[in-house]
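Welcome! Please take a moment to look over the sequence and the 3D picture before reading on.

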Amino acid sequence: MISLIQPVYAGTTATSNDAYNKSVKMLAVCENNQVTPKWNYAENIYDNRGITFGAIGFTTGTWDGNILIKYYTELNPNNTLSKYIPALDAIDAGPHPYNDESSSNSTVGLDNFITDVNNIDDPLWQTAQLHLIQEMYWNPTVAAWNRIGASNQLTLAFLYNTNIRFGQDYMELFISGATAQCGGTPGAGVDENTYLRALMAEMDAQIVKEGWGDTDRNDGFKTLLEEGNVNLTTPFVFTEYGDSYVITGDLNLNATTPETDLTYPADAYNKSVQMLAVCENNQVTPKWNYAENIYDNRGITFGAIGFTTGTWDGNILIKYYTELNPNNTLSKYIPALDAIDAGPHPYNDESSSNSTVGLDNFITDVNNIDDPLWQTAQLHLIQEMYWNPTVAAWNRIGASNQLTLAFLYNTNIRFGQDYMELFISGATAQCGGTPGAGVDENTYLRALMAEMDAQIVKEGWGDTDRSDGFKTLLEEGNVNLTTPFIFTEYGDSYVITGDLNLNATAPETTFTYITPVINAKPATLTEKLKCINFSYMDWLFCKNNISTV
């Protein structure tokens, strides 16, 4: 087994724990008007997301609350919230008519839930929240902070607050807007204070545009920027809504937090990538220069896994590629992509645009790229967006077979992380637990496949044949993908060897995350599990990343 690359903190001489603690304290002020996280908070705030609870506002009506409680139950099977899992499963499986079909306001079966959350006296409740908060929000925030070449802790704290508040899709949208405003990123030489002001302006403009309320929550960050305390030298005063709080950076987090570094077999990645290439492009190597308008109301689909011009992630990729090679042949399309990103996204639950205005020669230019950094850019973002969060989920359910990992990776690429988590939730309910809790992994994988097939039929997404190759390997018993093996898709057979000659110039693309040290124990190294927190915007990013259905 190998561990994902541990982060190198490139920003300041402060320890990673220092930056994390200050960001967490500032967020606690924004969320709960106190300088420590409110682990036992629970309330129905009548926002059509059920009950909001925990330190950052998990909710019972948007799937992530159930994810948290199931993970907590893995740590402590006798906890006082496990009895609500059947009710949460029923809510998850039911209609989600609110907030662009991303949430349910049902609280059926949750009569005493608020009281039970308020009364928890178990350090593992904090442990479970720490694990998932870092998996869902902190690590992907640091990934974005690293990617734009930022170095100031204030920028990191502001992005973290943005991610928690609005979700990763909007965080990326604000980054895209700030990059367009400034003509680049801090990594490309833009003054970071100027860039941060642009980020704040992008957020404020979106809040006003959408009618989400006032912009006052940003005032404390703006004051620190104008005061020049961009590396958050402690102690400092942080003011929110007229109240002032002293931030020291001291944060006594739960000493029982487990060692949650992600691990996976060294040869699993190559085999999973080869199998995915078969599913996506009918060949055993990624098709880096693929580009086509498949008329799915997501604009042009391109690259090895199907980034798209109409769902923000295509622009993210091209901007990152431009950081690596400013003279590339696709950078000229960034203004057109910025315009598409800023325009209406009326399709696929308001997550995509079919506009290709300004992209007349885009397909040809992608087809003709002869630059190893194009592959580098894709490798970097594929691992950030898909591989790492897939490994996070695989680790969390206690799986060990490579076939389970490859199937989850295919699921994440195909449908997005929200649906991957939905299928995991369904399989866990079917099986009465996860492999980590003693369920036979082959039985669990069959349940995952059945959950996916049922959703495909329910939504009318087409046939279920893409799973057949995985099902065949399961029935043959090759659950650890012993090579060489035959992988069959749509009647065609391919030999998977695990040999994959990826671009030698590719960076270490499991990312330079900051991994906070919690009483000397590292937190999980994951990436973005973009499935709804208290805001529907998180959920939309999942929809943006559905490349092929």
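What follows is a short tour of two sheets and some charged pairs.

This is a predicted model, in which local features need pLDDT of at least 70, side-chain atom pairs count only at pLDDT 80 or more, and totals for chains, interfaces and linings use all residues. Residues are numbered from 1 along each chain as its sequence is written, and side-chain values use heavy atoms, with hydrogens and water left out.

**Two sheets**

Let us begin with the strands, which are DSSP runs of E with at least two residues, just as helices are runs of H or I with at least four residues, numbered from the N terminus. Two strands pair if DSSP finds at least two bridges between them.

One open sheet has three strands in the order S2-S3-S4, with antiparallel pairing. Its edge strands are S2 (42–43) and S4 (58–59), each pairing on one side only. Strand S3 (residues 52–53) is joined to S2 by two bridges, and these strands run antiparallel. Which residue in S3 is the bridge partner of Ala-42? The partner is Phe-53.

Another open sheet of three strands follows the order S8-S9-S10, again with antiparallel pairing. Here strand S8 (291–292) and strand S10 (307–308) are the edge strands, and each pairs on one side only. Strand S9 (residues 301–302) runs antiparallel to S10, with two bridges between them. Across this pairing, Phe-302 stands opposite Phe-307 in S10.

**Charged pairs**

Now for the salt bridges. A salt bridge here is a side-chain nitrogen of Lys or Arg within 4 Å of a carboxyl oxygen of Asp or Glu. By this rule the model has 18 salt bridges, and the table shows some of them.

| Salt bridge | N to O distance |
|---|---|
| Asp-267 and Lys-271 | 3.0 Å |
| Arg-298 and Asp-296 | 3.3 Å |
| Arg-396 and Glu-421 | 2.7 Å |

The pair Arg-396 and Glu-421 links distant parts of the chain: Arg-396 lies in helix H14 (residues 372–396) and Glu-421 in helix H16 (residues 417–431), 25 residues apart. Together with Glu-135, Arg-396 and Glu-421 are linked in a network of salt bridges.

Are these side chains buried or exposed? Buried means under 20% relative accessible area, exposed means over 50%, and partly exposed is in between (1.4 Å probe, protein chains only). Arg-396 counts as buried because its relative accessibility is 12%, and Glu-421 is buried at 3%. Both Arg-298 and Asp-296 are buried. In the remaining table pair, Lys-271 is buried at 3% relative accessibility, whereas Asp-267, at 39%, counts as partly exposed.
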